[in-house]
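Me: Please take one part of this structure and go through it closely with me. I am new to reading models, so explain each term when you first use it.

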Amino acid sequence: MTLRGPIVDVGDVRTVSTQYGDREVCELRVRPDEGAGDPVRVTLWGKWTHTGEHAEVGMELLVTDPEEDDFGDEAGYTTSEESWVVLEPDFLVDVTGVRSWVQCPRMYYLNKLSGIPLNYPVVKGTVVHEVFGDLLRGVDLDEAVADRVEEAGLELGLLGYEPTEVEDEVRRNAAAVEGWLEQGTLTETDTWRSEYTLISPTFGLKGRADALRRGAPVELKTGKNTKREPRFHDKMQAACYALMLADRGETPDTGTLLYTKNTALDRNEETGDLSPAKEFSVGTGLLKFVVRTRNELAAMEWRTLNDPDPEAGIPTGYEADAKCQYCFEQDTCMVVSGRLNQESKAGQIGEPLPEEERAYLSRFYRALEEERRETHAEYRKLWEQTAAERAEDDRALIDLDPRGQTEIEGGRWRLRAGTPGDAVSKLREGDVALASDGDPVAGHAELGRITSLGEDEVVVETDEPVELRRIDVYPSEISVDRSLTALHDAVLKGDERRKDVLFGRRDPEFSAAPADRDPFIDNNEAQDEAVARAVDAEDFALVHGPPGTGKTYTIARTIRALVDAGERVLLAAFTNRAVDNALEALRDQGFEDVVRVGSQQGVRGDMQDVRLVRRGDPGEKAGELGDAPVVAATTAACGSRVMREQAFDVAVVDEASQLTEPGTLAATNLAERFVLVGDHKQLPPVVRAENDLQRSLFQRLIEDHPEAGVMLDRQYRMSQRIQSFASAEFYDGDLRPATPAVAGQSLADLGADAADLPPALRGGVNFVDPDGDRDGNRNVREAERVAGVVDAYVDAGVDVEDIGVIAPFRAQVAEIGRRTDATVDTVDRFQGSSKEVIVISLVATGDLDGPIFEDHRRMNVALTRAKKALTLVGDAEALASEPFYERLLDWARR
DNA sequence: GCTCTGCCAAGAGGA
């Protein structure tokens, strides 16, 4: 039995005499049954009182196997010998977090804030780990070393290393492992698994073990340890994995640390041992210590989010009993505590940040941590929802039929499975996902990449084979982590000049344009002015590009102008698609000297020829990136270790209105000046939590400094009739067709004859009321009618390829998709593209309740995808229930 | 109640 619920009262720790002598106790009151039950007393005994000291009212408490007691006049529970006590179990602590927290709580925060920069020990460590995995998979040592070093070419090159010296060093580490594997330790009964992904719902832990040997965790270290015992924090790390295995009902009683820098010269004087391996026993005492440490960490994180003051400082922790004199982070630690004006045992360096900057940092830190909680909630669904619910939620492909496992290059595996019928999910080709035997938490799961997702078969590549019966979306904290780092770099490391404009202490400045400068763009004044603004900006420039106004063309022209002026340019955007589109425009204008940074899966096929392949000769790779005058990457990639080492004169950021403020900073941090391009009247950033992240830096700056912005006001996409509503509602009537031809376009231009259409569809904009009924997020009758409308257009001579259907919900998208060959998608996914004819299914009947309709910007996006004809399909009564939609209805019916 | 793109993640060192 497990007791679980929010804490409603916390007592002090006190000492009581028992028949076993003096013992410490701490009484809490918890409201069980998800907070619905009456509060009960929970008594924590002995060392669990440590967790009681960190508990606060409002935190969630979990106690496994409690004993009932009737102490006093009230029934309650106490911890038993078998009990585990977990605070905030929903907060998933990463194993490496526990490890650094044990070393020094402040180090945990420093790592989290500043990220681990590109440095040789870490890159080498990664290579050794990869080789270790290869050895376990039976790859030849020399082959593995050469291959993995080559794979790390780019990083090594940026660090200035030669492949041969790295190979030698890695080989020495790997040889130690190989020697150990061969010296009889590895017997026939040994079973190995490398890179084992673990999530523990009970203990609120997650992480990836380097390897499991006979079910016990093995951790690889590239350092040296000549002591008899493993280092304590290394033991903690291995113990974390043991604990997570215990949550699955497996009980490893040992852990192994492999210190691969140990050589024969380091023979242990006491034991005579020259093995790199140190085995230790994993007892309950150690495991309980792990849990208490994790609780301490989770409690600290809880306090950050629940501090009544939203601008309370970042709790960079305290040093506990760490000895700062040996700490490698000492300098960073002193700088950060100096900047944040916090106590630090190591001392402070530098002046504290101005108060507004500290407040900004705190506000966004908290916003990002809220976002992290939302990500954790996604993890929770992995075990709280049934497989069927996950599938219903579009977050998993279930009931797969395993069709075979093939070993591929590098000892990895290619898994195939048949998919049942019309499985819909968020999962897409190229995604990293959790492949499992049917149970991703308690069963066997492997993190892998979906390489193919066809009509009836799915293919995944993983490190180890697994019976492929289910694939789940794997929530990742990487964007939160990288946003935090970007925030740190911008505020704690950012230069003063940049911060003065970001914090409104100075207005952005522009240099005077040379009087005799030729226009950059001849036939479009606003576009020309936008390029000029960007070129002349000494701080930043903003380009507001409504739908169809030639935003991408302007970006390409701007980049060329900047390169002509001798500048090194970073081209960034939120999505891979936007990066590739901008790159395409740049190449269309004859500019080819670009490098695209991104994964093979992320980068579009026709841009692969300029994609930076990381594998190769270090010197060459570093040159390819470092010498490129234009580098293009997503903002997420800009936050990567490699990109954080790059410096640019100007960062041009597309889709800036879809980026959170920290997300934008990841790109702008890398450059002296920046140009943001976007449209804050279209969709805002996608975030899970509701907070400061919902407003983009683009929007904040354009509202604060309209003079730094230029709005592109001529659109090349929509007919006059189609654009008029959006122009009036969203752009103050300033959006105009670029030419009479654009304004006057119609279906006749496609060779279709409006006379062949039913009268209700003959207009440039039409409204159809199918009299359907909304059922959840779908409306079947409306879906049928939408398909009918598409057919009518096709019958009148419109190519089905030229028709797009937009619906607000994925359920309706699927419903319509079954009935037509036209492209059907959600509004959000249609942003950035257009079609000759657009049909919009509104789904709602009766009223327009729901968040999807609240943000009118979504409607702006939907309406402005159409070029020549637009038909709205929906319930007139629902539309008339809200003024904005009523105006929309009037316009459509006109 | 809804929309959803990025990212493999974890990787070192010493008294």
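Reply: Start with Ser-479, where a polar side-chain atom lies 3.1 Å from a base nitrogen of DNA strand B; this is a polar contact, which here is a pair of N or O atoms within 3.5 Å, while within protein one atom must be able to donate a hydrogen and the other to accept it, and residues adjacent in sequence count only if both atoms are side-chain atoms. The model is predicted, so local features need pLDDT of at least 70 and side-chain atom pairs count only at pLDDT 80 or more, whereas totals for chains, interfaces and linings use all residues. Residues are numbered from 1 along each chain as its sequence is written, chains are lettered from A and ligands numbered from 1 in the order in which they are written, and side-chain values use heavy atoms, with hydrogens and water left out.

Asn-777 reaches another kind of atom, since one of its polar side-chain atoms lies 2.7 Å from a phosphate oxygen of DNA strand B. At Asp-849, by contrast, a backbone N or O atom is 3.5 Å from a base nitrogen of that strand.

Now widen the view to the 51 residues around DNA strand B, of which Thr-222, Gly-223, Phe-328, Arg-641 and Val-686 come nearest; a residue is near a strand if one of its heavy atoms lies within 4 Å of it. Of the atoms of DNA strand B that come within 4 Å of the protein, 52% belong to sugar and phosphate. The surface near DNA strand B holds 15 nonpolar, 19 polar and 17 charged residues, where Ala, Val, Leu, Ile, Met, Phe, Trp, Tyr, Cys and Pro count as nonpolar, Asp, Glu, Lys and Arg as charged, and the others, Gly among them, as polar.

Helix 4 (residues 120-136) gives the most to this surface, with five residues; helices are DSSP runs (H or I, at least four residues) numbered from the N terminus. Helix 4 also packs against helix 5 (residues 141-151), at an angle of about 145 degrees and with the axes 9 Å apart, the axes being lines fitted to C-alpha atoms over the stretch in contact, with angles running from 0 to 180 degrees between N-to-C directions. Among the residues in contact (heavy atoms within 4.5 Å) are Val-127 and Leu-135 in helix 4, and Leu-141 and Val-149 in helix 5. The residues of this contact divide into seven nonpolar, no polar and three charged.

Conventions: Helix = DSSP H or I, 4+ residues; strand = E, 2+ residues; numbered from the N terminus.
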